[in-house]
Each structure stands twice: as C-alpha cells, then as structure tokens.
Amino acid sequence: MRFGVAMLVIYVLSSLLLQSRSTANVTSIPYTSFTQQVDANNVATIHATGGSIDGTLRKPQPVPGGTKGQTYTTFSTFRPIFAQDTVYATMVKNGVQISAKSAITQQSWLQSLLLSLIPIALIAGIWIWISRRGTSMLSGFGNRKSSTPVDVSTIRVTFADVAGIAEVTAELSDVVDFLKHPEKYRRLGATVPRGVLLAGLPGTGKTLLARAVAGEAGVPFFSASASEFIEMIVGVGASRVRKLFDEARKVAPAIIFLDEIDAIGRARGGNALGGNDEREQTLNQILTEMDGFTGREGVIVIAATNRADVLDPALLRPGRFDRVVQVSAPDAVGRAEILRVHTRDVPLANSVDLTEVAKSTPGMTGADLANLANEAALLAAKLGEETVTAADFANALEKIQLGAARSVVMAEDERRRTAFHEAGHALLGMLVPGADPVRKVSIIPRGHALGVTLSTPDGDRYGYDESYLRGRIIGALGGIASEELVFGVTSTGAESDLDQLTHLARSMVGRWGMSPVIGRWSALTEENLVTATYPPAPATLDAVDAEVQRIVGECYEQAQQLLRANRDRLDGLASALLERETLDARDARAAAGFPSDQPPSLVKPAAVRP
Ligand code: ADP
Ligand code: ZN
C-alpha cells in the first residue's frame, strides 16, 4: 500500500521533471494554424525536434482562441505522424530558416542518463527505507547496537578498568598482542586464535574484558547478544550474523563479541526453547564464518556464556572457540581491587577500609561490587555528606543483600508469626555446629519477604561437606518448624525456604553422590534437570525423590528437636525482634541468651532466608 503511494509520487515527480522544458511566451498552436501561417508566408524560422516544432513568425498573429488583442510571434506545435502535407516544400520555397534534431537525442546523454536514474534511485532509496523500517519494527533486535562499531576513542575500556582477575587478563593479553602485531605471529606460521570463550557467572566482567581487549588493541568492538538472533523472525538470524562478520571484516582488525552464546550454541538434541531450526541456522552461520577465516582478517570472536557445560562441542573444536577462559567470581583480594577501581572517583572517608568491605562480601561479583560502591555513594549524597563513610557502605550492603525495606503495616498476628519464623532460622544458625554465622535478623518487610535472616560464611568458600549442607537444610527448615512448634499451624511464608532446601537436597542426592541408596554417580545433572537431554530412568527419579524425602525428613526432625529444647532462647529472640524489628549479630546472640562473642561485622551475603 505504502509502496504504491511512493511509486505514484515518483511517477508524478519525474514526469514533471521531464516536461518542465516549456518556456515562457511560447504559444502552443494547432498544427493547422501552423500550416496556414506557412501558406501565408508568415513563418520566419522553425526548429524541429522529431515531431515537435518551435518557430517564430514574421508578423504577430492573434492567439487562436485567445482574448482580443492577444498576439504571438513565438510558437510551438506538433506535427501528426500521419500528416501528408506540402508544408516542407512551401517553407523551402519561401526561404524559412529550418533546423532540426533527432527526437532521440533531444537531451544530452548525461542529462537523459540522470533523468532516467532519478526514478530508479528514488525507488531504490524508498525500498531500502521501507525494508530498514520493516526489520526494525518487526524485531527490535538491537540493530544499532551491533551494526555500529563502538567508537573506540570515546568508550575506551582498558585492562586498568578490569580488576581482581589478573590470571584472565594475562591470558587475554595474548589476543591483544596478536591484534596489535599480527605480522609477528604470521611470520612464524603460528595459527592465530579465532575464537575465545569466556565462561563465568553473570556480572563477573566478561563483557568488560572483551571491551578491554578491543580497547587495549585499539580496534573496533562489535557486540551482539546471541539470544537476540533467535528472537527474530525466521531466517534473519543467519543473515544478521553474516552482516555482523562482514562489517567487522571491513574494518579489521576488530573484535566481535557474542554474549550469551549458549542461547544458540546449546548441544543439538536438547529441547531448548525457541525455534530449533532458527537456532541451528544461526549457529551454523557463526561456524561457517569462523571456518572461513584465513587467519589474515584479524577478526577475533570473543563469546561469553555462563553455561559452558551445555555448549555444542562443535563450537569448541579447533579453529573455533578453542580457547576457553574461565572467569570466576573474585576472591577477597580481588574484591578489594575491584572496589578500588569503582571508587577511583569517589571521595572516601578515612573510616572506609576497602579491604574490610571486601572481606565482608564473599560471593559477590564485579557487577555486585560496582553496584555496592554506587549505592554507598548515593546514600552519602542523599545524606548531604562530603565523603562516603563506612556506615554508608554498611547500609548499602544491607540494602543490596536484604532488599530495600517496604513500608507495609503488618497485622499483629502476622508480625508475631514472622518474628517466630525468623527467630527459628536465626536460632538454628546459632545452634548447628559449623553453620554460617548469623549476621542480621529482621522482621521489616523487604521485597516479597516479610522478614529475613542473613547468615554468611566468614571467608570465601569453594566447596561444602555433607554435614554443612545438612546444617543449611536444618537452618532453612527453622522458620516452618518454629511456626509449627509455637502456633501449631504452618503458613505460606516458607515457600522459598522449601524451594531452596529441596534444590539443595536433590543436588546432594543426584549430583554430589551423598545418598547411599542412589550411590556415587550423577543420577541428575544441573542440565538434565532442565532439558532432560539424558533423562534419568523413572525408577531413578523415584529413588531420588525418596532419598530427598528421607534427608529432609531427618533434618526436620532435628530442627524441631533443637527448637523444642531451646524454647526459651526462641522466645527471647522473637520478643526482641517484635520490639526492635532488626537485630545485628551481637544483639541477636544476646537476645537468644548466648555470649555475644561474635565480632561486630559488616553484613555478608550468601544465604538470605525469607
Ligand atoms: P558479564 O558480561 O560477565 O555479565 P559485565 O562485564 O557486564 O559482566 O560486568 C558488569 C559490570 O560490573 C561492569 O561494567 C563493571 O562495571 C563491573 N565489573 C565486573 N567485573 C569487574 C572487574 N573484574 N573489575 C572491575 N569491574 C567489574
Ligand atoms: Zn523463612
């Protein structure tokens, strides 16, 4: 429809252009008037271009059909193709000055070329315009983001912006060196890396690293998210990939960054979401592009995933993403360095010790820490402070870990139930040997939760033994066990506790070989729980469920016993909560009748239990 309108406009415009040669003061006369003037020997000159004739008269004549007194001496007319007249002989006899030109060459070749190109150019332009608009309307797949290289001079990220993961930056500096000095490698016949896979949890800095590689090498950075490719209309994913690689090749050396590669790079056969055909076509296109590299293009593809385990092995074959670089969450030293990077432009009070803040944030990623530094600065600004203080950091951390407080008024019986629920979690956290210390207990509603108990390890933990995991389950059952003990009924408030502990128990049984009934093998894997690539036999699943029930049942038994035996501590903790709403580690221990020997410390993450 729109296209039809455009055609009409073009037609009108171009015919106007072609016909606008009419000149002023020329009177258009019928051919018969012209022959009469010839016969009257009143024609001085004519110039014929094909059948169209321009001419001048010797004496002015009245305009045919014109108003009275209107005359003309310059005229134009058109000779009918079928005219059989003696006009020409008469004009020659009368000495009329005659000139003529072929109709075909009436415009110069350049003129006619231009004129004939105008409509074509217009049509092409409009066609491109429509198709551009069309695709961006249809999908919104971030055309802008990936088809324009990020200007390296304006958004220049370097390794100096990436902290706490020195091993990774060291590995990637090879890639930088290759991009900067390709001839050094080619001379020795070394095969150049084509693809690097960065594997790590979200927020660990994979995108930042890829940008830094481009920044260090001073080359353009193209980025696209693989999930965008398959969101699109069928058949477009592959062509978008082709376009992305073409653009990068044009300005090579360059970096192409493909985020969330697992969205299209999942092993075939798994019943991943979305159109499988589209996914495979897109994946194949990426592989084709990479296989087509001769090693001279200087285009290096960096892909990122947090699910390296599910990737199609075809992606990891030599010549493709054959370098896999693990990007882990930083340790305490690394966290301090990251905090330093993100407080470079923040005026810190003397009270702030970033090493201490780092110690109190085990498990946090670079993105979490960047967020923490920003939240602390925001709080300081809100309070009108000159500098960001240690208290700002503590409060920002609490807000991030516990969620922002929600102002709702809880009915008194709901408050009481919440207080006993949280007191149950917290008390078991104090009673179970080896459990992560309780840092904070609160019955202020935050997010979806009516209350929270925060307990986190003292340092970085990398593995857990079975008794620790059982302790976690016992602690998670503390809320519902306490509700049952005190009120005789339970509530919906334990849903997410149960989700967490069920996941933990299933993993113990199915993934970590902690059930004697199942045995020491991977009856379940993280992956087959989701996509059932290798679905466990129904009998295995039944056995896993039975074992999960047994373990959780034993833990519940223990939780109830511990709470019953320590009912006075539970009551003390609950009433302190009802009175003060939030208790830190020291106060919570005191309220439960324990010596408050825990050092006051910043709150730390890990297990947050609603
Ligand atoms: P990913 O791609 O792994 O999900 P990003 O690279 O997008 O993570 O990280 C998000 C933000 O977190 C970065 O822009 C940066 O501000 C911060 N960040 C993450 N890791 C680091 C790090 N190692 N050093 C400094 N900042 C980091
Ligand atoms: Zn709970």
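These legends go with close-up views of a predicted model.

**View 1. The largest nonpolar core and its best-connected members.** There are 47 residues in this core, and Met-430, Ile-473, Leu-477 and Leu-573 touch the most other members. Several elements each chip in at least two residues, including helix 17 (412–431), strand 11 (438–442), helix 21 (538–565) and helix 22 (567–580). Helix 18 gives the most, with nine residues. As a bit of background, nonpolar side chains tend to be buried together in soluble globular proteins.

**View 2. Leu-573 and what it touches.** Skip the neighbours within four places in sequence, and Leu-573 is still in contact with Ala-423, Ala-426, Leu-427 and Met-430. Leu-583, Ala-588, Ala-591 and Ala-592 are on its contact list too. Another core, of 28 residues, lies apart from the one in View 1, and its members include Ala-212, Ala-214, Ala-304 and Val-325.

**View 3. The shell around ligand 1.** Here 17 residues surround the ligand, and the closest are Ala-163, Gly-203, Lys-206, Thr-207 and His-342. By type, the shell splits into nine nonpolar, six polar and two charged residues. Helix 8 (206–217), helix 13 (332–342) and helix 15 (366–382) each put at least two residues into it.

**View 4. Polar contacts to ligand 1.** Lys-206 has a polar side-chain atom 2.7 Å from an oxygen atom of the ligand. Ala-163 uses its backbone instead: an N or O atom there sits 2.8 Å from a nitrogen atom of ligand 1. For Thr-204, a backbone N or O atom is 3.3 Å from a ligand oxygen atom. On its own ligand 1 would expose 560 Å², and the protein buries 79% of that.

Conventions:
Residues are numbered from 1 along each chain as its sequence is written. Chains are lettered from A and ligands numbered from 1 in the order in which they are written. This is a predicted model: local features need pLDDT of at least 70, side-chain atom pairs count only at pLDDT 80 or more; totals for chains, interfaces and linings use all residues. Side-chain values use heavy atoms; hydrogens and water are left out. A nonpolar core is a set of buried Ala, Val, Leu, Ile, Met, Phe, Trp, Tyr and Cys residues joined through side-chain atoms within 4.5 Å. Buried means under 20% relative accessible area, exposed over 50%, partly exposed in between (1.4 Å probe, protein chains only). Helices (H or I, at least four residues) and strands (E, at least two) are DSSP runs, numbered from the N terminus. Contact means heavy atoms within 4.5 Å. A residue is near a molecule or strand if one of its heavy atoms lies within 4 Å of it. A polar contact is a pair of N or O atoms within 3.5 Å; within protein, one must be able to donate a hydrogen and the other to accept it, and residues adjacent in sequence count only if both atoms are side-chain atoms. Accessible areas come from the Shrake-Rupley method with a 1.4 Å probe; for residues, only the protein chains shown count as cover. Ala, Val, Leu, Ile, Met, Phe, Trp, Tyr, Cys and Pro count as nonpolar, Asp, Glu, Lys and Arg as charged, and the others, Gly among them, as polar.
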